[in-house]
Amino acid sequence: ETAKNEHQWGMLLDQLKKEDINAFRTEYLDMHPYDQAQFFQEQGRDERLLIYGYLSPEEVAEIMENIEIEDIEPFFSEMDPRFAAMVFADMSTDDAVDILNELSKDKVASFLTIMENDASDEIKQLLHYEEKTAGSIMTTEFISIFKEQTVKATMAQLKKEGPDAETIYYLYVVDEDKRLVGVLSLRDLIISEEDTLIEEILSEKVVSVSVAEDQEEVAKMMRDYDFLAVPVVDFQDHLLGIITVDDILDVMEEEASDDYSKFAAITDNERPNEN
Ligand code: ATP
Ligand code: MG
């Protein structure tokens, strides 16, 4: 496996240096985004600058989503600011916000000015939520439907919105004021007849979390209910976003290491008394 990697990386580097854009794109984009990120991170600045030129903002966004947050800042700083802003706009809003939280206020402001569209409005909104709350870890790419629509129409909507949604596994039903009124799973949808109305198959007992809820509580809730995602609502039950299980794994890791540090501090203090 490693031998294959080395061979492939050698080839990619060769294509980069020869400026063989098409060969590079074919080979590189065929790899899993995680492996793309691994290769990308091993390169020097000159090679990375070539890579930005050969890929679209969307393709670079996918790479960025596979790099640890702490390591990302230098990459955004070396990109052309306009390109960087487009990359941000193509990322999941929750990931974009995580990264922006690591950048200086000036940099954040300049990126948001360049973006100036729906994406930056959503990101600005998300940047306001307090750290470690549901709002700070949610994403706004969810699928919402109305109870008056048919299964057939919903399938068509999924085809259209599916590629950009964080998950298509749960569909959230909202009323005309965007209040959360129901939920159904993809399984519930595809086992139903095409002309069935959503109101006939939705579940009205929706479990949701408040945007101000502590992230640790959200993690516990997802564990207890076994959901793959939970909806996040404001104080009037308006659906604002969703939190998916992969983001909750990060929270659990973070909280576990916080607890461990506290524990280590206590045992350190106790040590002198033991002797
Ligand atoms: P099952 O576990 O019954 O086989 P499933 O595997 O299709 O269902 P799960 O992810 O286990 O799907 O979800 C089970 C049910 O929970 C689905 O019918 C779904 O509509 C419902 N559900 C999903 N999210 C919520 C929520 N936030 N509140 C209440 N119910 C929810
Ligand atoms: Mg299940």
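**View 1. Asp14 counts as partly exposed, with a relative accessibility of 42%.** Like every view in this set, this close-up is drawn from a predicted model, and it should be read with that in mind. The side chain of Asp14 meets the side chain of Lys18 in a salt bridge, in which N and O are 3.5 Å apart. Lys18, the partner of Asp14 in this pair, has a relative accessibility of 60% and counts as exposed because that value is over 50%. Asp14, by contrast, falls in the partly exposed class because 42% lies between the limits of 20% and 50%. A search of the whole structure finds eight salt bridges, and the pair of Asp14 and Lys18 is one of the salt bridges in this predicted model.

**View 2. Glu78 and Arg48 form a salt bridge whose closest N and O atoms are 2.6 Å apart.** Glu78 belongs to helix α6, which covers residues 69-78, while Arg48 belongs to helix α4, which covers residues 45-54, so this pair ties together parts of the protein that are 30 residues apart in sequence. Are these two residues buried or exposed? Glu78 has a relative accessible area of 12% and is buried, and Arg48, with a relative accessible area of 11%, is buried as well. Both values are under 20%, which means that the two residues are placed in the buried class. The pair is also part of a wider arrangement, in which Arg45, Arg48 and Glu78 are linked in a network of salt bridges.

**View 3. Asp224 and Arg223 meet through their side chains in a salt bridge, with a distance of 3.5 Å from N to O.** Asp224 has a relative accessibility of 56% and counts as exposed, and Arg223, with a relative accessible area of 51%, is exposed too. A further exposed residue to look for is Asp226, which has a relative accessible area of 64%. Asp226 is placed in the loop that runs between helix α15 (215-225) and strand β5 (229-233).

**View 4. Glu19 and Asp226 are residues other than glycine with a positive phi.** Most residues other than glycine have a negative phi. What is the value of phi at Glu19? Phi of Glu19 is near 55°, and phi of Asp226 is near 65°. Glu19 is found in the loop between α1 (2-17) and α2 (21-29), and with a relative accessible area of 53% it is exposed.

**View 5. Ligand 1 is surrounded by a shell of residues that includes Arg187, Asp188 and Val207.** The shell also includes, among others, Tyr169, Tyr170, Val183, Leu184, Ser185, Lys205 and Phe227. Counted by class, the residues around ligand 1 are eight nonpolar, one polar and three charged. Which elements each supply at least two residues of this shell? These elements are β3, which covers residues 180-185, and α13, which covers residues 186-190, and β3 gives the largest share, with three residues.

**View 6. Ligand 1 has polar atoms placed close to side chains and to the backbone, beginning with Arg187, whose side chain has an N or O atom 2.7 Å from an oxygen atom of the ligand.** Asp188 has a polar side-chain atom that lies 3.0 Å from an oxygen atom of ligand 1. At Val207, the atom concerned is a polar backbone atom, and a nitrogen atom of ligand 1 is 2.7 Å from it. Taken alone, ligand 1 exposes 610 Å², of which the protein buries 68%.

**View 7. Thr140 and Thr93 are joined by a polar contact of 3.0 Å between their side chains.** Thr140 is located in the loop between α11 (134-137) and β1 (144-145). At a relative accessibility of 18%, Thr140 counts as buried, because that value is under 20%.

**View 8. The domain assignment divides the protein into domain 1, residues 2-128, and domain 2, residues 144-250.** The C-alpha centres of domain 1 and domain 2 lie 30 Å apart. Gln38 and Val209 are 171 residues apart in sequence, and their C-alpha atoms are 35 Å apart in space. Gln38 has its place in helix α3, which covers residues 33-42, and with a relative accessibility of 28% it counts as partly exposed.

Notes:
Residues numbered from 1 in each chain as written. Chains lettered and ligands numbered in written order. Predicted model: local features only at pLDDT ≥ 70, side-chain atom pairs only at ≥ 80, totals over all residues. Heavy atoms only, no water. Domains from an automatic or database assignment. Near = heavy atom within 4 Å. Polar contact = N/O pair within 3.5 Å; in protein donor to acceptor, adjacent residues only side chain to side chain. Areas by Shrake-Rupley, 256 points an atom, 1.4 Å probe, with all protein chains shown as cover. Helix = DSSP H or I, 4+ residues; strand = E, 2+ residues; numbered from the N terminus. Nonpolar A, V, L, I, M, F, W, Y, C, P; charged D, E, K, R; others polar. Salt bridge = Lys/Arg side-chain N within 4 Å of Asp/Glu carboxyl O. Buried < 20%, exposed > 50% of the residue type's maximum accessible area, 1.4 Å probe, protein only.
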